[in-house]
Amino acid sequence: MLRIAVPNKGSLSEVAAEMLAEAGYSGRRDSRKLVHTDSRNGVEFFYLRPRDIATYVGSGALHVGITGRDLLLDSGSEASEVEALDFADSTFRFAAPAGGGISELEHLAGKRVATSYPKLVDDFLRARGIVSELVKLDGAVESAVQLGVADAVADVVSTGATLRAAGLEIFGPVILQSTAVLIGGPTEHADVERLLRRLRGVLVARKYVIMDYDLPVDQLDAATQVAGGIESPTVSPLKDERWVAVRVMVRADEANQVMDRLYDLGARAILVTAIHAARL
Ligand SMILES: Nc1ncnc2c1ncn2[C@@H]1O[C@H](COP(=O)(O)OP(=O)(O)OP(=O)(O)O)[C@@H](O)[C@H]1O
Ligand SMILES: O=P(O)(O)OC[C@H]1O[C@H](OP(=O)(O)OP(=O)(O)O)[C@H](O)[C@@H]1O
Ligand SMILES: [Mg+2]
């Protein structure tokens, strides 16, 4: 059986479970369950703390797992990234009070830096020859400066709202661009390939939509420039020979701009539909 580590709580858990369900695997129904067997697919899911997942996979106890790239690197485990899963995107940044004299990486020398990711931060500072005192916290790191236990913080930033609310300003280089990742370890299993293929299909289904539209036939080249699809658009005849029906895959986050541009070219009856599953 393929043994997969899945986040049991936090930012990663919900989408990870959704993606696995979209990939055709069954999941636990009771959120207190620690293990779930999907015998139809020959998979056993272990629900673990996101921070611990790299340790289990790196030790070989489990074959693969879903965690954050930042958590993987902070763990120091032997596990390695197999595929980016494109959710829970964040950057890992330094921040300090605005106008407080810490506004460049070098200013951190001799200062106290609060973080929940001490190895990640230590590796980064060490590689740049900066010696700071790390203050290890479990979470809500943004409060550390206000409460006087640190001079600066290094933490996960998504919208930046949490930092702003704490009166902190980002400075210095990006420590890491993070995203959810599938990780693998020293124990190989033939079924990893199938899991990966299915997850890639889910990524495509989440990232793309199908766009159908009718187009005056003389605009086909221009419309293909706007939306070229994966290989190239499917073009079908209409009863009225001056028109064709076009079907093409488009990035979901660009769908409205593409619709505007196609409309301007004369496309009409533009319909967008979600993709349920895909293998490219
Ligand atoms: N606001 C956020 N936006 C996007 N990704 C986030 C956010 N907060 C945390 N992450 C990502 O989620 C992963 C951390 O998951 P984890 O479950 O440990 O933390 P969490 O979501 O902050 O949960 P908690 O703090 O409640 O334990 C990391 O990869 C991190 O980059
Ligand atoms: O840039 P933002 O959109 O504000 O998001 C970033 C915040 O989200 C996470 O916090 P979480 O709510 O998980 O609390 P924690 O710090 O206790 O982990 C993360 O640790 C940051 O604090
Ligand atoms: Mg958190």
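Reader: Hi! Let's start with ligand 2: how do the residues of its shell divide into nonpolar, polar and charged?
Author: Happy to help. The shell around ligand 2 splits into 5 nonpolar, 5 polar and 2 charged residues. Keep in mind that this is a predicted model.

Reader: Thanks! And which residues surround ligand 2?
Author: Two stretches of the chain turn up. One is Gly139, Ala140, Val141 and Glu142. The other is Asp155, Val156, Val157, Ser158, Thr159, Gly160, Ala161 and Thr162.

Reader: Which element gives the largest share of that shell?
Author: That is β9, with 3 residues. Both β9 (152-157) and α5 (161-165) supply at least two residues of the shell around ligand 2.

Reader: Now ligand 1. How many residues surround it, and which are the closest?
Author: Ligand 1 has 14 residues around it, and the closest are Gly10, Ser11, Gly68, Ala88 and Ser158. Ser158 is also among the residues that surround ligand 2.

Reader: Nice catch. What about the nonpolar, polar and charged split for ligand 1?
Author: For ligand 1 the shell holds 5 nonpolar, 7 polar and 2 charged residues. Helices α2 (50-59) and α3 (69-75) each supply at least two residues of that shell.

Reader: How is the protein chain divided into domains?
Author: There is domain 1 (2-87 + 179-189), domain 2 (90-178) and domain 3 (208-274). The C-alpha centres of domain 1 and domain 3 are 38 Å apart.

Reader: So where does ligand 1 lie relative to domain 1 and domain 2?
Author: Ligand 1 lies between domain 1 and domain 2, because both of them give residues to its shell.

Reader: Does UniProt have anything to say here? What does it list for residues 49-200?
Author: An unreviewed UniProt entry lists residues 49-200 as "domain: ATP phosphoribosyltransferase catalytic". In the model, that span is 27% helix and 32% strand, and its end C-alpha atoms lie 24 Å apart.

Reader: Gly68 came up earlier, so let's talk about β4. Is strand β4 mostly covered or mostly open?
Author: Mostly covered: 5 of the 5 residues in β4 (residues 64-68) are buried. Val64, Ile66 and Gly68 are buried on one side, and Gly65 and Thr67 are buried on the other.

Reader: Which strand runs parallel to β4, and how many bridges join them?
Author: Strand β1 (residues 2-7) runs parallel to β4, and 2 bridges join the two. Alanine 5 stands opposite glycine 65 in β4.

Reader: And in which sense do β4 and β11 pair?
Author: The pairing of β4 with β11 (residues 180-184) is antiparallel, over 5 bridges. Glycine 68 has alanine 180 in β11 as its bridge partner, and isoleucine 66 stands opposite leucine 182 in β11.

Reader: What order do the 6 strands of that open sheet follow?
Author: The order is β2-β3-β1-β4-β11-β5, with mixed pairing. β2 (35-38) and β5 (80-84) are at the edges with a single partner strand each, so one side of each has no neighbour in the sheet. From one strand to the next, the twist averages 30°.

Reader: There's an open sheet of 4 strands as well. What is its order?
Author: That sheet runs β13-β14-β12-β15, and the pairing is antiparallel. Its edge strands, β13 (234-237) and β15 (268-274), each pair on one side only. The twist in this sheet averages 20° from one strand to the next.

Reader: Last one! How many bridges do β13 and β14 pair over?
Author: They pair over 4 bridges, in the antiparallel sense, with β14 covering residues 243-251. Valine 235 stands opposite valine 246 in β14.

Definitions and conventions:
Residues are numbered from 1 along each chain as its sequence is written. Chains are lettered from A and ligands numbered from 1 in the order in which they are written. This is a predicted model: local features need pLDDT of at least 70, side-chain atom pairs count only at pLDDT 80 or more; totals for chains, interfaces and linings use all residues. A residue is near a molecule or strand if its C-beta atom, placed from the backbone, lies within 6 Å of it. Ala, Val, Leu, Ile, Met, Phe, Trp, Tyr, Cys and Pro count as nonpolar, Asp, Glu, Lys and Arg as charged, and the others, Gly among them, as polar. Domain bounds come from an automatic or database domain assignment. A residue is buried if 20 or more other C-beta atoms lie within 10 Å of its own, exposed if 12 or fewer, and partly exposed in between; C-beta atoms are placed from the backbone. Two strands pair if DSSP finds at least two bridges between them. UniProt positions are given in the numbering used here, feature names are shortened, and annotations may be inferred rather than shown by experiment. Axes are lines fitted to C-alpha atoms, for helices over the stretch in contact, and angles run from 0 to 180 degrees between N-to-C directions.
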